[in-house]
Amino acid sequence: TPAITKFSSMTNVSKVQSFSNSTGPSPHPQPQTRRPRGFAATAAAAASADNTPAVSSPNASGKAREAGWTVETDGTTYRQSPPPSHTGSFGARPVESPLLKNCAVKECQPSVLRIDESLSPGSLDSMVISERENSRNEKYTSTSPINSVIECLDADQLIQDVHSGMHQNDFTENSYVPVYVMLANGFINNCCQLIDPQGVRQELSHMKSLDVDGVVVECWWGVVEAWSPQKYVWSGYRELFNIIQEFKLKLQVVMAFHEYGGTDSGDVLISLPQWVLEIGKDNQDIFFTDREGRRNTECLSWGIDKERVLKGRTGIEVYFDFMRSFRTEFNDLFTEGLITAIEIGLGPSGELKYPSFSERIGWRYPGIGEFQCYDKYSQQNLRKAAKLRGHSFWARGPDNAGQYNSRPHETGFFCERGDYDSYFGRFFLHWYSQSLIDHADNVLSLASFAFEDTKIIIKVPAVYWWYRTASHAAELTAGYYNPTNQDGYSPVFEVLKKHSVIMKFVCSGLQVSGFENDEALVDPEGLSWQVLNSAWDRGLTVAGVNMLACYDREGYRRVVEMAKPRNDPDHHHFSFFVYQQPSALAQGTICFPELDFFIKCMHGKKSKAITVAQKLSQWVVRQSIAKKVASLYLLLPSM
């Protein structure tokens, strides 16, 4: 499911209590011993496991396996244990690290061919001749594993597979797409103290071993301005950035104005600032609200962007003051070029969307979600818009839009020919999506001023379930007015273009099952095609970030093809890609050879697998031809 989980560390940080039961924790808790996190946690898990060699997947079968060879599910064939000194290994750069041992967790193996790379075409020919003579002397009774494999492989099919693989991977030869890795949360505690410098160095060391270009760090509003308005504490981030500078990695920083944590985040919870939650106790309308009056404390309602309800400041003034403080505090790092870009969080999960899919409130995939416009400030704006339109009775939300887990056909609003396309429906959806656009415009206007001459990034979600319905219900509740008769992304991208920002799109890379395709009418590829082409058509710079899932090679391949469209005559490609590590609950599931292969593809480095596969195919074909010629030769005396 695409219930998008958020990655966090395996730490013992005390949770900051949520809005509903906040008791005003002490601003000076003592640091505690921390367990490893991120890549380092994966490495530690692998190092603590038994040293029993990983068992190959049971997919290898048939005559080739009986002959002592391994046949991968994708057709890749190689010997079980070739001598290390004569083996060319590719798909993952050899790294002296326990990380690679972890592949056994998911029974994932790099799709690797192994063959003596010193073999030239001439040496391959000599091998064929030698094999032919051996065959003649032994009257075709050789039990060589090579011969056994040749007998069970169709040479034409192998050539076809190799050429197909070359075509599928030719994108690895083109443009270089930098890869950044999101640093694990938990290195900075809720008092903005760096609590595990050694763990940071281990994490960055693993990143360097994977040849990544840089790191992404989230700076949390709820940590830096936690206790008092305009009292910013940056000390922990200063220490963290100094360590990153030691490793000569580029740095992107996220201005995170949302809540982080929950059931999928281990034991880390980062709330909004405590002083904001205190205001919310007396004025709950500062939070997004659904039709039933349930408040969502993930982020502030956009209805207060211009309302002075935060100790005399508006919502966008609070965001601007935070950004300006960061820019002033780390001016030296901007000047030195360490910080290369700033991402501005504009909604839940840092994405430009309404919090319509809150698992805490009860949403489960593939529910359509609910509209989030029932706080009093948003309702005031709706009444103004309805009055301006001349229909004051339209100042309401739809009463037949279902609940969080409804399906479109179960509602009168989202069903085929439903009210979403009525006069009222079009008015309401336009107002709802325009509020999202206005929020982005307001915040980006001030962000451009705070971070002048610095690249600014905005993250756009991938709401792909119910995409193959007429209403696109899930996109509508998320704030994108994108039914089949509307283009809901162009107006958003016009604003992003106005501020010259980079659009970072969430790439699923997931294989959609037949059941999911039928049950939720999903179309991640169709959505990606629309979003990316709409952005490129408007001249936007585009980047990507993965959903929080552990991909296999096929998933990585889909992401690479999205980042570097093979048939694009204009040669569009991502300006960079951010890899988010799996959540804490999935810690230990990263297959590092596959991740290393993915990074090589994004960097445009041709995989040795293709070159060696070519050698193998040529050799197999020559073996097959030589055996046929030899058999005819032996038959000549009897003719």
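Biologist: Which side chain does the side chain of aspartate 375 join in a polar contact?

Modeller: In this predicted model, the partner is serine 301, at 3.0 Å. The cut-off for a polar contact is 3.5 Å, and the pair of aspartate 375 and serine 301 at 3.0 Å therefore qualifies. The side chain of aspartate 375 also reaches the backbone nitrogen of tyrosine 377, at 3.2 Å.

Biologist: Why is aspartate 375 said to have no salt bridge?

Modeller: The nearest side chain of opposite charge, that of arginine 295, is 6.5 Å away. A salt bridge requires a nitrogen and a carboxyl oxygen within 4 Å, so aspartate 375 and arginine 295 do not form one. Aspartate 375 is nevertheless buried. Arginine 295 is still among its contacts beyond four places in sequence, which also include Asp285, Phe287, Phe288 and Gly303.

Biologist: Where in the chain does aspartate 375 lie?

Modeller: Aspartate 375 is in the loop between strand E10 (339–344) and helix H12 (376–389).

Biologist: Why is alanine 184 called buried?

Modeller: The relative accessible area of alanine 184 is 5%. Buried means under 20%, so alanine 184 meets the criterion. Alanine 184 is in the loop between strand E3 (179–182) and helix H6 (197–209). Its C-alpha atom is separated by 8.5 Å from that of glutamate 203, 19 residues apart along the chain.

Biologist: How do you know that the length of H6 agrees with its number of residues?

Modeller: At 1.5 Å a residue, the 13 residues of H6 should span 18 Å, and the end C-alpha atoms are 19 Å apart, which agrees. The buried residues of H6 are Gly199, Val200, Glu203, Leu204, His206, Met207 and Ser209. H6 is followed by aspartate 211, whose phi is positive, near 65 degrees.

Biologist: What makes glutamate 225 and arginine 313 a salt bridge?

Modeller: Their closest N and O atoms are 3.1 Å apart; the limit is 4 Å, so the pair counts as a salt bridge. Glutamate 225 lies in the loop between H7 and helix H8 (235–246) and arginine 313 in the loop between E9 and H10, so the pair ties together parts that are 88 residues apart in sequence.

Biologist: Are glutamate 225 and arginine 313 buried or exposed?

Modeller: Glutamate 225 has a relative accessible area of 0% and arginine 313 one of 7%. With the threshold for buried at under 20%, both residues are therefore buried. Arginine 313 also meets aspartate 321 in a salt bridge, at 2.8 Å from N to O, and aspartate 321 is buried as well.

Biologist: What makes aspartate 332 and arginine 238 a link between separate parts of the sequence?

Modeller: The two form a salt bridge, with their closest N and O atoms 3.0 Å apart. Aspartate 332 lies in helix H11 (residues 331–336) and arginine 238 in helix H8, so the pair ties together parts that are 94 residues apart in sequence. Aspartate 332 has a relative accessibility of 31%; this value falls between the limits of 20% and 50%, and aspartate 332 therefore counts as partly exposed.

Biologist: Which residues do salt bridges with shared partners join into one network?

Modeller: That network consists of Glu554, Arg557, Arg558, Glu561 and Arg566. The count for the protein comes to 23 salt bridges.

Biologist: What covers the buried residues of H9?

Modeller: The cover includes helix H7 (221–224), strand E8 (287–289), strand E9 (295–300) and helix H10 (315–329). Among the buried residues of helix H9 (residues 274–282) are Trp275, Leu277 and Ile279.

Technical notes: Residues numbered from 1 in each chain as written. Predicted model: local features only at pLDDT ≥ 70, side-chain atom pairs only at ≥ 80, totals over all residues. Heavy atoms only, no water. Helix = DSSP H or I, 4+ residues; strand = E, 2+ residues; numbered from the N terminus. Buried < 20%, exposed > 50% of the residue type's maximum accessible area, 1.4 Å probe, protein only. Lys, Arg positive; Asp, Glu negative; His and termini not counted. Polar contact = N/O pair within 3.5 Å; in protein donor to acceptor, adjacent residues only side chain to side chain. Contact = heavy atoms within 4.5 Å. Expected span 1.5 Å × (residues − 1).
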